[in-house]
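Here are some notes to read alongside the model, for someone meeting it for the first time. Please keep the 3D view open as you go through the points.

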Amino acid sequence: SGNISLLCDVLVREVRDLTGYDRVMAYKFHEDEHGEVISECRRSDLEPYLGLHYPATDIPQASRFMFMKNKVRLVCDCAAQPVKVIQDKRLTQTLSLCGSTLRAPHGCHAQYMSNMGSIASLVMSVTISENDEDDSGSGQQQKGRKLWGLVVCHHCSPRFVPFPLRYACEFLMQVFAIQLNKEVELAAQTREKHILRTQTLLCDMLLRDAPVGIFTQSP
């Protein structure tokens, strides 16, 4: 946990140095899908958000799915008038902008940004590996990906980040995710060892002191 916090602190500082945003936050999703700001680098006159928790509904499932598909999302000016996309009538299916980094934000998201005093934003997803059971029922494990959190950048005025800089940030996120994955796996192994050690101690107390030993002694 300490190493993960340190990693996030370094990451938000590096992203802010690269992009120049007023505020950069590392945002972690917990098991119940609510979010927490676990690291922050900001302009000194801005209100701190570090340690704040947000309900899972702030980032709905549709948005989380999009972040798995499109790792970087840029809003240059949430108050800008959206440009209408005219679709050729010969196209049989509706044009999807899911993969567009620069598409206009949804109205409710623009209002959400405005309420936070943010005009521009850059959001990058953090995905790590997870083991999912094979649907075939063979019992084998296969590697999947899950959304661990987000790196969210806010700016108090319109701001555009050119593609080469966004690409550099995306590469930085990939390096961070690799190291984070190692730390998450190490933390899981440590928890498992602690559980096994506690179980061994409890079994030893049962055999040595009878069941009453569990209530009169501490592992």
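1. A definition to begin with: a salt bridge here is a side-chain nitrogen of Lys or Arg within 4 Å of a carboxyl oxygen of Asp or Glu. Please keep in mind that this is a predicted model. With that rule, five salt bridges are counted.

2. Let us start with R42 and E40. Their side chains form a salt bridge with an N to O distance of 3.7 Å, which counts because the limit is 4 Å. Is E40 buried or exposed? With a relative accessibility of 17%, E40 is buried, whereas R42, at 28%, is partly exposed.

3. Next, look at R43 and D45. The closest N and O atoms of this salt bridge are 2.7 Å apart. R43 is partly exposed at 29% relative accessibility, while D45 reaches 54% and is classed as exposed.

4. Another salt bridge links D88 with R90, at 2.8 Å from N to O. Here D88 has a relative accessible area of 35%, making it partly exposed, and R90 is exposed at 72%. Returning to the pair in point 3, which residues are joined with R43 into one network? They are D22 and D45, connected through salt bridges that share partners.

5. Now for the strands. Strand β2 covers residues 35-42, and seven of its eight residues are buried. Strand β1, residues 23-29, runs antiparallel to β2 and is joined to it by seven bridges. If you would like a place to check this pairing, find R23, whose bridge partner in β2 is R42; you have met R42 already, in the salt bridge with E40.

6. β2 also pairs with strand β3, residues 53-54. These two strands are antiparallel as well, with two bridges between them. A useful landmark is G35, which stands opposite Y54 in β3.

7. The turn between β1 and β2 deserves a look. How many residues lie between the strands of this hairpin? There are five. E33 sits in this loop and has a positive phi of about 75°, although it is not a glycine. Its relative accessible area is 34%, so E33 is partly exposed.

8. On to the aromatic rings, where the whole structure holds three pairs. In one of them, Y27 and F29 have ring centres 5.5 Å apart and planes at 80°, so this pair is edge-to-face. Y27 is buried at 8% relative accessibility, and F29 is buried too, with 9%. Together with Y54, these residues make one aromatic cluster. Y54 is the residue that faces G35 in point 6.

9. A further aromatic pair is made by F163 and Y167, which is tilted, with 5.8 Å between centres and 40° between planes. Why are they about one helical turn apart? Because they are four residues apart in helix α4, residues 163-209. Both F163 and Y167 are exposed, in contrast to the buried Y27 and F29.

10. Finally, two arginines are placed over ring faces. R64 lies over the face of F29, at 4.3 Å from the ring centre. R159 is over the face of Y21, with 5.7 Å to the ring centre. For a second look, F29 is a good place to return to: this residue takes part in the edge-to-face pair with Y27 and has R64 over its ring.

Notes
Residues numbered from 1 in each chain as written. Predicted model: local features only at pLDDT ≥ 70, side-chain atom pairs only at ≥ 80, totals over all residues. Heavy atoms only, no water. Buried < 20%, exposed > 50% of the residue type's maximum accessible area, 1.4 Å probe, protein only. Pairing = 2+ DSSP bridges. Phe/Tyr/Trp six-rings, centres within 6.5 Å; stacked < 30°, edge-to-face > 60°. Lys NZ or Arg CZ within 6 Å of the ring centre and 35° of its normal.
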